[in-house]
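Here's a quick briefing to go with the model on your screen. Have a look around first, then read on.

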Amino acid sequence: MSAGAVSNGRYWIAHNAGVLTAAVLFAVMFTLYVSNHSAGLTPAVATTAANKAVLLALVAMAQTLPVLTRGLDLSVGMVFVMTNCIASAIVVGTVGEGLVGIVAVLAIGALAGFVNGAIVVWGRLQPIITTLATGAVYYGIALFIRPSPGGDVQSDIADLLTGQVFGVVPAALVVLAAVVLVVWIPYRRSVLGRAAYAVGSNEQAAYMSGVPVQRAKLLAYTLAGLLASVGGLMLTFNTYSGEASAPIAGSYTLNSIAAVVIGGTSLFGGWGSAIGSIFGAFVLRTIEDLLFVFDLPPLWQPLFQGVVLLAAVSLGAFRILRVRNRLELLT
Amino acid sequence: MPARRIPFLLAWVDALSDRKPYLELKRISKRYGGVAALTEVDFSVYPGEIQAVLGENGAGKSTLIKIASGVTDPSDGEVLIEGRPVRFRNPTEAMRAGVVCVFQELSLLPELTVADNLSIVDPPKWGGMIDAGAQRARARALLKRVGCEDVHPLELVRDLPLSRRQMVEIAKALGRDPRILILDEATSALTADDVERVYAIIRELKASGVGILYVSHRMREIEALADTATVFRNGRRIETFNKGERSVDAIIEMMIGREVTHQYPDKPAPKPDAPVALKAANLTWGREIQDVSFELKRGEIVGLGGLDGQGQRELLLGLFGVLKGMSGSVAVDGKPIALNGPRKAMHAPLPMALIPEDRKTEGLMLPMSVRDNMTLAALPRLLGRFGIDADKESAAVNDMVERLRVKTPDLDAPVSALSGGNQQKVVLAKWLMTAPGIILLNDPTRGIDVGTKQEIYRLMRELANQGAAILFYSTDYAELIGCCDRVLVVYDGRIRRELAGAALTERNLLQSALNIDAMEKAA
């Protein structure tokens with residue numbers, strides 16, 4: 001049995017090479033950051049870093065699901081901002097009222113994702129153009145709710161989820177871990193989660209194998225909306241307000257795609273993991289922090305992010321060496 | 001006897017012989033547009049029988065399988081399972097009813113593991129989630145059953161060689177507990193050992209009462225395995241007979257006999273001293289092309305015959321430089337050339353052109369205009385001082401439209417607006433603009449109307465008479481006989497026979513396509 005376990009382990013490493021690479025890259029960068037930070041690794045430093053990084057990590061997780069089905073969700077950033085604005089209006093009052101508000105915000109996020117999925121599946125429109133359009137609608141709703149920045153949030157919940165657990169562990173990381181445990185892992189091991197990989201790998205073969213293609217896509221987009229709204233909630237808890245900011249919506253959408261790629265997920269679908277996207281998001285965020293501790297002008301940030309992205313994409317290009325029919329390179 | 005008693009009588013006879021078909025097709029017809037793929041076919045498969053399905057390319061075998069396995073709906077007629085009418089809306093419903101198909105185009109998901117693929121529809125679960133351990137154990141058991149203990153359940157399908165994938169595909173079908181198992185050319189990619197293993201599995205299944213539908217082009221396999229055989233021709237069922245009731249000759253006779261509907265241009269007298277345009281020596285690429293050598297002379301139309309998928313497509317792609325790692329040598333006009341991509345092939349001493357198989361994916365940019373599509377490959381010839389010379393371009397396009405009689409509302413109309421035949425003419429025009437000396441044609445008349453087909457035949461002969469060398473792959477034997485000066489018959493990646501002159505008959509073509517000469521020699 002131990003021989004079997006060893007070979008299972010070998011395959012596990014091969015299947016998760018992308019995730020592991022991103023994790024190692026993050027570990028190296030974060031060590032570099034902490035060892036050059038004047039305060040070192042204090043709970044406060046870790047919490048600040050985590051609060052920022054978890055926002056992008058959640059949006060990147062959301063992006064991963066449609067990408068796995070060989071789609072794309074350009075509305076994740078807009079759902080993120082829209083749920084931020086909604087949360088700043090309804091997650092208020094007592095703790096009990098706040099919790100009800102949280103549930104409502106999550107439901108709205110899932111609904112937004114479901115609408116995307118429904119248009120893609122039943123309307124047979126391309127994901128990219130569908131979510132570009134619905135994203136504009138969601139941003140419009142955000143603007144309607146918060147024409148100017150403002151609002152409030154239930155502060156007990158906010159402080160709990162952005163502070164530290166036992167005074168050490170950043171609570172945001174606990175939230176992220178909970179999302180992984182409650183959403184991602186069950187999804188990854190469900191029939192519809194498997195179906196999403198199958199659809200992304202080869203939709204025709206999936207259909208021929210009797211895979212529930214449509215339901216898999218619907219669920220992928222719906223969960224993307226849900227995860228983006230978790231991000232929107234966390235943003236509200238960090239800022240105590242809502243803001244319909246177009247730059248935030250746009251940059252989170254684009255960075256989520258970058259994080260997905262750095263995390264080893266193929267934009268051609270069928271291959272990858274939301275865990276990789278989390279590390280991808282952490283890598284992108286740490287670049288910013290590194291520029292800060294090394295006193296480099298923040299203007300260099302896009303350049304460094306671009307270089308990291310290019311390096312990540314190049315790693316995926318090795319498969320080209322194995323292709324026998326040149327036409328296969330072009331699909 | 002009153003007519004209404006007959007069903008009762010039939011039921012009684014069935015009960016007596018204890019043979020009720022599990023799967024039955026009644027008066028099934030299928031039309032694609034105006035073309036009939038199947039016409040009023042009655043067909044049944046009994047539990048515990050191995051039935052071979054025979055027929056030429058386009059005889060209706062694949063349509064039959066698609067209907068039985070729920071991939072397409074029949075236009076007319078009824079499908080019955082154990083006597084009850086059913087209507088499969090998708091492959092899943094057919095599988096639930098016990099009809100499982102091993103498809104020729106593999107239905108495996110390359111980015112998923114073998115274990116995932118084997119349990120893709122009904123994975124073992126634990127607490128609502130997929131139980132990875134149980135799934136691995138199930139995969140190991142299924143792999144063992146097909147003799148693939150060397151495949152690890154966690155390997156990705158994309159990392160497996162083709163022959164292993166095919167075995168995994170068979171294991172996947174077995175995992176669905178079929179009552180009727182359809183094998184469509186399931187052994188085409190297998191090694192000899194695996195084929196034996198598959199035979200053993202098939203016999204095992206037969207013993208346990210599974211009905212097997214076996215589509216194969218290999219007469220030897222059919223003789224070894226089948227209890228009964230059904231021959232199809234032109235979308236009709238010709239005859240069903242038991243093992244040993246018909247000779248191979250008689251079977252071939254049944255498969256031939258398509259009506260001749262086309263007129264072909266006259267063939268010129270053979271010119272044995274014409275210069276050689278292309279000489280290929282010992283071309284080999286994986287299992288698909290094996291040690292292929294031949295010559296192509298100027299002014300000659302050489303056909304590639306044989307059953308579908310014996311390596312003809314790969315050979316054309318290989319000559320055009322699309323395949324990586326093909327060994328052997330190719331000389332054009334006496335000078336050796338490197339097979340290194342279409343651009344190289346287009347600039348060979350005699351420019352080469354390939355009319356691809358699927359015009360929609362490899363031939364045309366559908367949303368682009370007729371003009372842009374036609375000039376795409378020949379743009380360097382149309383350059384003026386300031387980029388593309390619009391006058392030159394228009395003149396060239398008009399010339400082609402006239403020469404090939406392309407029916408288009410406007411040169412700037414998107415090519416997607418044209419009929420299939422006219423689209424194919426645009427593809428031809430695109431390559432004729434490059435003034436090719438060697439033209440490779442990959443089944444150029446598939447799915448286009450009769451009138452356009454005849455224009456293409458005429459055009460081919462005209463080009464040959466002007467000195468072009470043409471290599472012409474077609475799945476239509478009548479077309480090969482009508483158009484070609486010689487035909488090379490390909491079987492299993494090798495050229496098995498060359499037919500020319502009086503020997504170029506449908507009977508000879510089919511016989512060599514089925515590799516019967518070699519079988520007789522071996523026997």
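Let's start with chain B: the C-alpha centres of its domain 1 and domain 2 sit 31 Å apart. Keep in mind that this is a predicted model.

**Domains of chain B**
- The domain assignment splits chain B into domain 1 (22-255), domain 2 (275-351 + 436-523) and domain 3 (361-434).
- Where domain 1 of chain B meets domain 2 of chain B, 10 residues of domain 1 are in contact with 11 residues of domain 2.
- On the domain 1 side of that contact, α8 (219-225) and α9 (248-255) of chain B each chip in at least two residues.
- The top contributor on that side is α9(B), with three residues.
- Sorted by class, the domain 1 side that touches domain 2 of chain B has four nonpolar, four polar and two charged residues.

**Where chain B touches chain A**
- This contact draws on 24 residues from chain B and 25 residues from chain A.
- On the chain B side, the elements giving two or more residues are α3 (91-96) and β8 (129-130).
- The largest share there, three residues, belongs to α3(B).
- The chain B side breaks down into 15 nonpolar, five polar and four charged residues.

**Chain A on its own**
- Chain A has 14 helices and two strands.
- Its radius of gyration is 20 Å, which agrees with a compact globule, because 331 residues packed that way would come out near 20 Å.
- Along the principal axes, the C-alpha atoms of chain A fill a box of roughly 60 × 50 × 45 Å.
- Of the 331 residues in chain A, 47% count as buried.
- Among contacts in chain A with a separation of 6 or more, 77% come from residues 24 or more positions apart.

Definitions and conventions:
Residues numbered from 1 in each chain as written. Chains lettered and ligands numbered in written order. Predicted model: local features only at pLDDT ≥ 70, side-chain atom pairs only at ≥ 80, totals over all residues. Helix = DSSP H or I, 4+ residues; strand = E, 2+ residues; numbered from the N terminus. Rg over C-alpha atoms; globule rule 2.2 N^0.38 Å. Buried ≥ 20, exposed ≤ 12 C-beta atoms within 10 Å, placed from the backbone. Contact = placed C-beta atoms within 7 Å. Nonpolar A, V, L, I, M, F, W, Y, C, P; charged D, E, K, R; others polar. Domains from an automatic or database assignment.
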